[in-house]
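Trainee: I'm fine at the bench, but I get lost when I open a model. Could you walk me through how to read one?

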Protein chains: 2
Amino acid sequence: MNGEKEKDKAVVLVSGGMDSCVTAAIARTKHELALAHVNYGQRTAAKEQLAFEAIADFYGVSHRLAVKLDHFRQIGGSALTDERIAVPERGSVREVEAALEIPVTYVPFRNAHFLAVAVSWAEVIGARAVYIGAVAEDSSGYPDCRPEYYRAFQELVKVGTRPDTRITIETPVIGKRKSEIVKRGLELGAPLELTWSCYQAEEEACGVCDSCILRLRAFSEAGRQDPIRYRTRRGLKASN
Amino acid sequence: MNGEKEKDKAVVLVSGGMDSCVTAAIARTKHELALAHVNYGQRTAAKEQLAFEAIADFYGVSHRLAVKLDHFRQIGGSALTDERIAVPERGSVREVEAALEIPVTYVPFRNAHFLAVAVSWAEVIGARAVYIGAVAEDSSGYPDCRPEYYRAFQELVKVGTRPDTRITIETPVIGKRKSEIVKRGLELGAPLELTWSCYQAEEEACGVCDSCILRLRAFSEAGRQDPIRYRTRRGLKASN
């Protein structure tokens, strides 16, 4: 821990999922961590917030901001925030990838809200970077997970904060396959067993939503067993 | 009202202040209105929300979204959201303008949160534009009130929403002096008497915060009496 205090602070958005957990592990190699979490009224909000707290405990981070946004439920338009829209269940990765359109789990313009929270906090606490675990490839095709989106957000931060504020937007896993993220997490000793990715279940992961299926494939490709519990892993068996 | 239904919808961010009220009046000439308001825990939140509802009633708009964000109080760093930081009081417009630095009433990266709410809602309801009453000149020097900020946000919306979503960010008063905004509002019959601008008081406007002082000057330059009640107009008397 020597020298830890001299590092610049970074705000890391930690959803409680695998990608953001590994992103925190990466950020920690360069920065003092400040961890931010957003409960946006999604189906598995309680579980994800527990995962956030567990990851923050694991890394001994006291600088935490847990925010609750109620308006995504008011606005709706996504299977994650509107109970009337079902979360799609698939039998395989092929089925996930065959769904070419943006899926109903897309939460309109969601990541802008998360980044805005992180940047406001970063500006107040003097953090020099905001990390987010967005993944462009090998994910669900959400428009706000692509590199050009983060380049645009970087420009927004540059022109929209105090002249002396310098905050970079960092997306260290954006170009990685999920299996590479698993491997990098394992190398860095990230607590993947504490993370939660399932879109719809909070006790045992469902194993059939897009998020579970992509996660299961990632562990499979990395040659590891996912340490969390699943109700079924049938999506995995049919994959590739 | 004939033909009203054929207009494209626009989401207008209505704070309850003068600039956003006139912005709504302008948007209404081209669009069917959907009005969004954000209570971000600012000192005068209750008063501003009442002003929003009154303006929406005045225009007969049923499509309303009132959102509450608690995290600005968690994050702090501004006189508007942290009671421990005093709102500056000035004797004149000169004093407002002499405060060259970004004032303590700057709420870090605030407008990104507001725009994110408006864009998410616009995407779900199929609105084609988001209007915000930002004013660059003749305002308090906030970085997120300048044209380049809205150009950057437009790019973010373009890359960060569904491929078939087309939402333009509209800032019709950004280049206007406040006195021009008053005049335009009066021409359009905007209900300026229902608006609220004071940063710190909710019964009678204080007359000495930056927002009151700039508003009083605007009415003075427009040759009109501001219809709302002030505790003092001494900032006005000393101006120019």
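Mentor: Sure, let's start with overall packing. For a chain of 240 residues, a compact globule would have a radius of gyration near 18 Å, and chain A comes in at 17 Å, so the two agree. Keep in mind that this is a predicted model.

Trainee: What are the spans of chain A along its principal axes?

Mentor: The C-alpha trace of chain A covers about 50 × 40 × 30 Å. As for the inside, 53% of the 240 residues of chain A count as buried.

Trainee: And how do I read the fold itself?

Mentor: Count the elements, then follow their order. Chain A has 9 helices and 5 strands. Starting at the N terminus, the order is β-α-β-α-β-α-α-α-β-α-β-α-α-α. Then ask how far along the sequence the contacts reach. Taking contacts in chain A between residues at least 6 apart in sequence, 71% join residues at least 24 apart.

Trainee: How are chains A and B related?

Mentor: The trick is to ask which rotation puts one copy on the other. Here a rotation of 180 degrees, with 0.0 Å of shift along its axis, superposes chain A on chain B with an RMSD of 0.0 Å. The two copies are thus related as by a two-fold rotation axis.

Trainee: Why do you say the copies meet through the same surface?

Mentor: Compare the interface residues on both sides. In this model, 100% of the interface residues of chain A are also interface residues in chain B, so the copies meet through the same surface. The contact takes 34 residues from chain A and 34 residues from chain B.

Trainee: Which elements give two or more residues to the side of chain A that touches chain B?

Mentor: Those are β3 (64-68), α3 (71-75), α5 (110-125) and α6 (147-160) of chain A. The one that gives the most is α5(A), with 9 residues. Sorted by class, that side of chain A has 18 nonpolar, 8 polar and 8 charged residues.

Trainee: Can you show me one residue at that contact?

Mentor: Take His71(A), which sits in helix α3 of chain A. Setting aside residues up to four places away in sequence, His71(A) touches Val67(B) and Val117(B).

Trainee: Is His71(A) buried or exposed?

Mentor: Count the C-beta atoms around it; 20 or more others within 10 Å makes a residue buried. His71(A) has 22 other C-beta atoms within 10 Å, so His71(A) is buried. You can also check distances across the chain: the C-alpha atoms of His71(A) and Gly41(A) are separated by 8.2 Å, although the two residues are 30 apart along the chain.

Trainee: Let me try a strand residue. Where is Val11(A)?

Mentor: Val11(A) is in strand β1 (residues 9-13) of chain A. With 30 other C-beta atoms within 10 Å, Val11(A) is buried. Beyond residues up to four places away in sequence, Val11(A) touches Ala34(A), Ala36(A), Ala118(A), Trp121(A), Ala122(A), Ala127(A) and Val130(A). On the other hand, Val11(A) and Gly207(A) are 196 residues apart in sequence and 31 Å apart in space, C-alpha to C-alpha.

Trainee: What about a loop residue?

Mentor: Try Val14(B), found in the loop between β1 (9-13) and α1 (18-27) of chain B. Val14(B) counts as buried because it has 31 C-beta neighbours inside 10 Å. Leaving aside neighbours within four places in sequence, its contacts include Ser20(B), Leu35(B), His37(B) and Phe52(B). The C-alpha atoms of Val14(B) and Ala56(B) are 8.9 Å apart, with their positions 42 residues apart along the chain.

Trainee: Last one: how do I describe two helices that pack together?

Mentor: Give the axis distance, the angle and the hand. In chain A, the axes of α7 (residues 178-187) and α8 (residues 210-222) come within 7 Å and cross at roughly 65 degrees. The crossing of α7(A) and α8(A) is right-handed. The residues that meet include Ile181(A) and Val182(A) from α7(A), and Leu214(A) and Phe219(A) from α8(A). By class, this contact has 6 nonpolar, 1 polar and 5 charged residues.

Trainee: At what angle do the axes of α7 and α8 cross in chain B?

Mentor: In chain B the axes of α7 (residues 178-187) and α8 (residues 210-221) cross at roughly 60 degrees and come within 7 Å. The crossing of α7(B) and α8(B) is right-handed.

Notes:
Residues are numbered from 1 along each chain as its sequence is written. Chains are lettered from A and ligands numbered from 1 in the order in which they are written. This is a predicted model: local features need pLDDT of at least 70, side-chain atom pairs count only at pLDDT 80 or more; totals for chains, interfaces and linings use all residues. Copies are superposed by least squares on the C-alpha atoms of residues with pLDDT of at least 70 in both. Two residues are in contact if their C-beta atoms, placed from the backbone, lie within 7 Å. Helices (H or I, at least four residues) and strands (E, at least two) are DSSP runs, numbered from the N terminus. Ala, Val, Leu, Ile, Met, Phe, Trp, Tyr, Cys and Pro count as nonpolar, Asp, Glu, Lys and Arg as charged, and the others, Gly among them, as polar. Axes are lines fitted to C-alpha atoms, for helices over the stretch in contact, and angles run from 0 to 180 degrees between N-to-C directions. A crossing is left-handed if the near helix is turned anticlockwise from the far one by less than a right angle, and right-handed if clockwise. A residue is buried if 20 or more other C-beta atoms lie within 10 Å of its own, exposed if 12 or fewer, and partly exposed in between; C-beta atoms are placed from the backbone. The radius of gyration is taken over C-alpha atoms; the globule rule is 2.2 Å times the number of residues to the power 0.38.
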